[in-house]
Amino acid sequence: MSEVAPRTARSGGTRSVLLEVAAGLLEEGGMEAVTLRAVGERAGVSRQAPYRHFADKATLLSVLAARYLGRLGARMAEAAGGAGEDPFEELGAMMEAYVRFALESPPRYRLIGGEMSGSPHREVHEAARAVHERYVRAVAACQEAGELPGSDPVELAAILFATVHGAVELTLSGHAEEEKGLGDPAKLVRALLARLRRD
């Protein structure tokens, strides 16, 4: 379900309402369903109103993706904060939060992935960088505590992320099967960390 419930434009700032409506359309029909015309119609504004806030569909989707990335970062930070003082547990909680965020809404996850790699808009890349830097710091903390191997946290973070991303993609495409060892991606994340953890 969308974290942003559609409202009428009269109940809040038009730009925020347009983003909320776009989020609802995204959840219902994916990126193809999000057009400035459809957003304007559902928000109850004039046909030209959305264009006063977003130059085109790509801009609208980029701003929406940046918002979602901000929420992902907040989720990961909250998960780490609830894991106690152990950096290893904090990292595991952050990775699990990423998995849950992705599986809650495949359209949202697809939007973030697409915009992170192809968007010309700065705010998306800034939001993605903030999430990545938080993640790398968590990996570095584990290395400094002697709980994970290696000296380059960026490289190890990339390896861990590739595994998490692959597990999520397999689940979303229907290829995650317990007999293949590809059940719950969050469990796979924990299993990987357990194998990497130094005694």
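Reading from the N terminus, the chain's elements go α-α-α-α-α-α-α-α. That makes eight helices and zero strands. Keep in mind that this is a predicted model.

How sure is the predictor? The average pLDDT of the chain is 88, and 88% of the residues reach at least 70. Residues 1-12 are the part to watch, since pLDDT stays under 50 there. The model still gives that stretch 29 contacts beyond four places in sequence. Where pLDDT is low, the predicted coordinates should not be read in detail.

Now for the chain as a whole. Here are some overall values:

| What | Value |
|---|---|
| Buried residues, out of 199 residues | 41% |
| Contacts joining residues at least 24 apart, among those between residues at least 6 apart in sequence | 63% |
| Exposed area of the chain | about 10100 Å² |
| Part of the exposed area from carbon and sulfur atoms | 53% |

Let's zoom in on one helix pair. Two packed helices are described by the angle between their axes and the distance between the axes. Helix 3 covers residues 57-81 and helix 4 covers residues 87-104; they pack at about 140°, with axes 8 Å apart. The crossing of helix 3 past helix 4 is right-handed.

Which residues in helix 3 and helix 4 meet? Helix 3 brings Tyr68, Arg71, Leu72, Arg75, Met76, Ala79 and Ala80, while helix 4 brings Glu90, Ala93, Met94, Ala97, Tyr98, Phe101 and Glu104. Sorted by class, this contact has 10 nonpolar residues, four charged ones and no polar ones.

Note on methods: Residues are numbered from 1 along each chain as its sequence is written. This is a predicted model: local features need pLDDT of at least 70, side-chain atom pairs count only at pLDDT 80 or more; totals for chains, interfaces and linings use all residues. Side-chain values use heavy atoms; hydrogens and water are left out. Axes are lines fitted to C-alpha atoms, for helices over the stretch in contact, and angles run from 0 to 180 degrees between N-to-C directions. Helices (H or I, at least four residues) and strands (E, at least two) are DSSP runs, numbered from the N terminus. A crossing is left-handed if the near helix is turned anticlockwise from the far one by less than a right angle, and right-handed if clockwise. Contact means heavy atoms within 4.5 Å. Ala, Val, Leu, Ile, Met, Phe, Trp, Tyr, Cys and Pro count as nonpolar, Asp, Glu, Lys and Arg as charged, and the others, Gly among them, as polar. Buried means under 20% relative accessible area, exposed over 50%, partly exposed in between (1.4 Å probe, protein chains only). Accessible areas come from the Shrake-Rupley method with a 1.4 Å probe; for residues, only the protein chains shown count as cover. pLDDT is the predictor's confidence in each residue, from 0 to 100.
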